[in-house]
Amino acid sequence: MTAAARAGRSSKITRNAGSYLLLVVLAGVVLFPVYMTLVRALSTPVKYINAGSPPYPVAVQWDVFQRAYREAGLGPQMVRSLVATLIIVGGQVVTSVLAAYAFVYLRFPFKRIVFGVFMATLMLPLEVTLIGNVETMRSLKWFDSFQGLTAPFLATAFGTFLIRQGMLGIPREIRDAARLDGYGHLAFLRRFAIPLIRPVLGSFVLISFLGAWNQYLWPRAITDRRSFDTVQIGIADLLSSRPESANIAVAGALIAAAPIIVLLIFFQRHIVRGLTAGAVKG
Amino acid sequence: MSVADSVGTATAAPAEVTVDASEPVGGGRHRVKEGLLAAAFLLPSTVIFVTFFYRPFFKLFDYGLYRNNASGTNQRYVGITQYRQVLTSHDFTEGLANSGKYVLFTVPAGLVLGTLLAVTANRKLRGIKFFQTVFSSTVATSVAVASVIFYVLINPQVGVFQVDWLANPHLALFAVSLSSMWQNLGLSFVIVLAGLQAIPEEVLEAATLDGFGPVRRFLRVTLPLLSPVLMFLIVVLTVFAFQAFAQIDILTQGGPTAGDTETLVYKIFQMQSPGKIGAGSVLALGLFGVTLFVTLVQFLILDKRVHYGN
């Protein structure tokens, strides 16, 4: 190895060391709130405060997660959240795929206007329509029910847009060849279009799951605390009803986040692609 | 409101490229059949959009004309008066001011921190994937989880840091916004990183050959090329800030003294009881108008300063 090459390598190592240092510091900043929360969850509350809130657990109680799960009724809440989430995700996939297919492959009058009307729903977030939707639920008597939790979210302009973009990426030749082979629209949709947009569909399913599982405003508005809580409402409720046992609430919060964290670890690439759709062209 | 929906709000904004793969073949009967199929495919979404988006939205205009008694059994027509009263009321201006402050606290922070994380993690190093996962991890936390975490961190009585920010009328909203700043890190990072990775390497190499140092290259080349993505991020974060609700519901319930941390959405939430629907509907229309206005202004102002390539 020449002296110059050696010098180049060692300067690269120092430069990398600097990069790693910065990365570690930033990772520490991002994870610090979670770490301290974990410390607080595991510590016996009064002893921890009396010890001056140190950055490590005091008088560790490992059963705090079990207690959050059992005492706080996190089990039924998780099941309720999961059922509602699966209904929403399934519904959104079906309605969005069908609508996207119509916009891409079918001819019908006023297509551009219909597409505009669909996309304009993005300007009508739940925060704006909340009062009207709660009134609808009141007249349908859908408070504290799965249909109430899910119905308003069974269609989405975002999903329709994303899946339409995916279908527009299918080469025209494939459609032409399938047509020559005698495939009708339903067969083409099932045998070609859906398999070909599987990556887009995968991203969409994950994003949709994330959104549905993490909902707060709507379940808070139309479910009664206790009787039909989703897990997100449950952990908030736990905190407000017993602030002194914040350690249990926070253990509950970590349990509530666990399914999504697992998804993120396994499907990071797909989630990121879904989240950044629209931010970057191509 | 979910991440996806809000991201979608900004997604739909770029100019629509009309590409259409439907075929101009077949005679009249064929076309009717195709039209019917299209109607069947569009029906499920249409039913949902009409029932849970358009109908409740247009209902707001109607509700706003009436004043109800507390149980909602008796309503009285008051007409446009209620619009004038509510939109000039202390409730509306206070909610708007708090929502505006929330935007000022969280949007610049999200831009700066997201860019810092993305630039740091956009390197070819061993183990970089691990750091990228850590930086994006807060996208997995819900608003409720983030709020519980910050409750435990900064609650005056039981928090890890027993600061009195949440109990201080002047600091409470900022303290609440800390949870959003942290929660937004993941999404901001992911979006800016995608933008950085879309910049062609040749462009950066060319800049280096032209004698640009790392700082000058970042300011003069990277940042302008990144501007459409940053603009997208500004819109997304602004929409998030205007929708802030769970943080306030969990951390302060609008307090410490009533109203201190009540954003527009928090006020709207409190007005769903039958007796307050009229005034609440006007507030909701106010929120709609304000977000529409802010989004449009962002596009008009920022669009001129944004570099879109070719």
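Colleague: In this predicted model, which residues of α14(A) meet which residues of α7(B)?

Modeller: A contact between two helices is best read residue by residue, from each side in turn. On the side of α14(A) the participants are V272(A), L275(A) and T276(A), and on the side of α7(B) they are L187(B), V190(B), I191(B) and A194(B). By class, this contact of α14(A) with α7(B) holds six nonpolar residues and one polar residue, with no charged residues.

Colleague: How are the axes of helix α14 of chain A and helix α7 of chain B placed, and at what angle do they cross?

Modeller: Here one reads the distance between the axes together with the crossing angle. The axes of helix α14 of chain A, residues 246-276, and helix α7 of chain B, residues 172-197, come within 10 Å and cross at roughly 80°. Since angles of 65 to 115 degrees count as roughly perpendicular, α14(A) and α7(B) are therefore roughly perpendicular to each other.

Colleague: Moving to the whole contact between the chains, how many residues does each chain give, and which helix of chain B provides the largest share?

Modeller: For a whole interface, one takes the totals before the individual elements. The contact draws 90 residues from chain A and 89 residues from chain B. On the side of chain B that touches chain A, helix α2 of chain B, residues 28-63, provides the largest share, with 19 residues. Sorted by class, the residues on that side of chain B are 61 nonpolar, 21 polar and seven charged.

Colleague: What secondary structure does each chain have?

Modeller: One can count the elements and then follow their order along the sequence. Chain A has 14 helices and zero strands, whereas chain B comes to twelve helices and two strands. Along the sequence of chain B the pattern is α-α-β-β-α-α-α-α-α-α-α-α-α-α.

Colleague: Why is chain A described as more spread out than a compact globule?

Modeller: The approach is to set the radius of gyration beside the value from the globule rule. For the 282 residues of chain A that rule gives 19 Å, while the radius of gyration is 25 Å, well over that value, so chain A is more spread out than a compact globule. Taken along the principal axes, the C-alpha atoms of chain A fill a box of roughly 80 × 75 × 30 Å.

Colleague: What share of the residues in each chain is buried?

Modeller: Burial is read as a fraction of the chain. Buried residues make up 47% of the 282 residues in chain A, and 46% of the 310 residues of chain B count as buried.

Note on methods
Residues are numbered from 1 along each chain as its sequence is written. Chains are lettered from A and ligands numbered from 1 in the order in which they are written. This is a predicted model: local features need pLDDT of at least 70, side-chain atom pairs count only at pLDDT 80 or more; totals for chains, interfaces and linings use all residues. Axes are lines fitted to C-alpha atoms, for helices over the stretch in contact, and angles run from 0 to 180 degrees between N-to-C directions. Helices (H or I, at least four residues) and strands (E, at least two) are DSSP runs, numbered from the N terminus. Angles under 35 degrees count as roughly parallel, over 145 as roughly antiparallel, 65 to 115 as roughly perpendicular and the rest as oblique. Two residues are in contact if their C-beta atoms, placed from the backbone, lie within 7 Å. Ala, Val, Leu, Ile, Met, Phe, Trp, Tyr, Cys and Pro count as nonpolar, Asp, Glu, Lys and Arg as charged, and the others, Gly among them, as polar. A residue is buried if 20 or more other C-beta atoms lie within 10 Å of its own, exposed if 12 or fewer, and partly exposed in between; C-beta atoms are placed from the backbone. The radius of gyration is taken over C-alpha atoms; the globule rule is 2.2 Å times the number of residues to the power 0.38.
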